[in-house]
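Dear colleague,

I am passing on the structure we spoke about, and I would be grateful if you could look through it alongside the notes below.

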Amino acid sequence: MVVDTASVDELNAVVNYLHTRVDASGSPLEFWSEEDDRTTMIITPGTSVMVHDVRPIRDTLVLDENGFVLVDHRSAVSNFEMMQVHPLVDQHYAHEMSDLLAEVTGADLVIVMSAGKKRFGEREVDKLSSLPNAKPARYPHADNTDSSVLQLLNIITDAFDVSQYPRWAAYNMWRVTSQPPQDIPLAVCDAQTLTRADEITVTAVTMELSGAIRHDTTGYAYNENHRWCYFRDMTPEEVLVFKAHDSDSRHASRVAHTAFNDPTCPPGVKTRSSVETRAFAFFA
C-alpha cells in the first residue's frame, strides 16, 4: 500500500532527476564522484517536488511494501569520527548493524558488506578533502542494478555457503551522526510509486581509500507519481533502513533516495554528517 501522507506535514524541495538515458554518443551514463568534468550524467536541476515528513506515521510503514522504515537504535560507538579510521570501531559497528538488520527483517543470516561510510555536507571542506566519495549524492538513485547486485552477491558466495537460503535481499542502513536539525536530510521514495520505466543505468566511478571502483547503479527519471518521504530531525539514535534489492519480486526492491536541501532549516546550523552501512540478508 502506498504511504498515506494526507495527514502529515510536507515541504517543497528540489530533486535533481536525470535528464537523459544515454550520453551524447549513445553510451551508458557515468557519474564520477571526484571528477565532475568526466561525468556524462546530466541532471534536470530545479525539479520541485513535495517531500512528506512521515515521522508521525512511521508505525504504518512496511519494509517489504514501502521499502523503508525508521528504527530506534543506540550504538555503543560514541565517536563516529573514528569510523574508517580505527578497524575495531568498524568491526564493532558492523556487528551492531548485523544484529539490527536481523531483528528488523527476521533474516536468518546477515552479512555486512561495508561497516560504515562517512559522509558530510559540502561545507565540511576539511573533512571532505581527506575522505574520498564522502559528499551527499544529490540525485535520485539506488546503489545497484539487477546485474550489479549479483556481482556483490558473488563476492559473498565465494566465501560463504548460502545455498540453504532461497531468498536474499540487500539493504542500506543510514544514520545521521550530527544532531538535528539537518540542513541536508535524506529523502526516500515509496517503492510502491516507482516503476521500471523510471530506471536509468548509471555507472558510478567512485574513489575509495582502496582505489577507483566502477559499479552500475540505478538513476531515476521524473515521474509525477513518485511519493517522496523523509523523517524530520533524525537523531544519531535512529537508523533509516531501506531496500536495495530483493530476490523475491513479491517484495519491494530498490528504493530511490537522494539528499536534498531542507528550505525550512534555520541558517547557521552545523551541516549534516552521516554514516551508511550496506548488507545482505538471507532467509531460510
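What follows describes a sheet, the helices that lie across it, and the empty spaces in the model.

Please keep in mind that this is a predicted model. Its five-stranded open sheet has the order β4-β12-β7-β14-β5, with antiparallel pairing, and the edge strands, each of which pairs on one side only, are β4 (68-72) and β5 (109-120). From one strand to the next the twist averages 25°. Strand β12, which covers residues 238-246, pairs with β4 in the antiparallel sense over five bridges, and Val69 stands opposite Val241 in β12.

Two helices lie across strands of this sheet. Helix α2 (residues 87-105) lies across β4, β5, β7 (167-176), β12 and β14 (273-283), and runs at about 120° to β5, whereas helix α4 (residues 146-157) lies across β5, β7, β12 and β14, running at about 75° to β14.

As for empty space, the structure holds one cavity of 30 Å³ or more, and the volume of the largest cavity is about 40 Å³. The residues lining that cavity are Trp174, Val176, Gln182, Pro185, Leu186, Tyr230, Phe231 and Met234, a lining that divides into seven nonpolar residues, one polar and no charged.

The second largest pocket, for its part, has a volume of about 300 Å³ and is lined by 15 residues, of which Leu194, Arg196, Ala252, Ser253 and Arg254 lie nearest its centre. The lining of this pocket comprises four nonpolar, six polar and five charged residues.

With best wishes

Key. Residues are numbered from 1 along each chain as its sequence is written. This is a predicted model: local features need pLDDT of at least 70, side-chain atom pairs count only at pLDDT 80 or more; totals for chains, interfaces and linings use all residues. Side-chain values use heavy atoms; hydrogens and water are left out. On a 1 Å grid over the protein atoms alone, a cavity is a set of points where a 1.4 Å probe fits but cannot get out, and a pocket is an open set with protein on both sides within 12 Å along at least five of seven lines; lining residues have an atom within 4 Å of a point. Grid points are joined across faces, edges and corners, and a volume is the space filled by probe spheres set on the points. Ala, Val, Leu, Ile, Met, Phe, Trp, Tyr, Cys and Pro count as nonpolar, Asp, Glu, Lys and Arg as charged, and the others, Gly among them, as polar. Two strands pair if DSSP finds at least two bridges between them. Helices (H or I, at least four residues) and strands (E, at least two) are DSSP runs, numbered from the N terminus. Axes are lines fitted to C-alpha atoms, for helices over the stretch in contact, and angles run from 0 to 180 degrees between N-to-C directions. Contact means heavy atoms within 4.5 Å.
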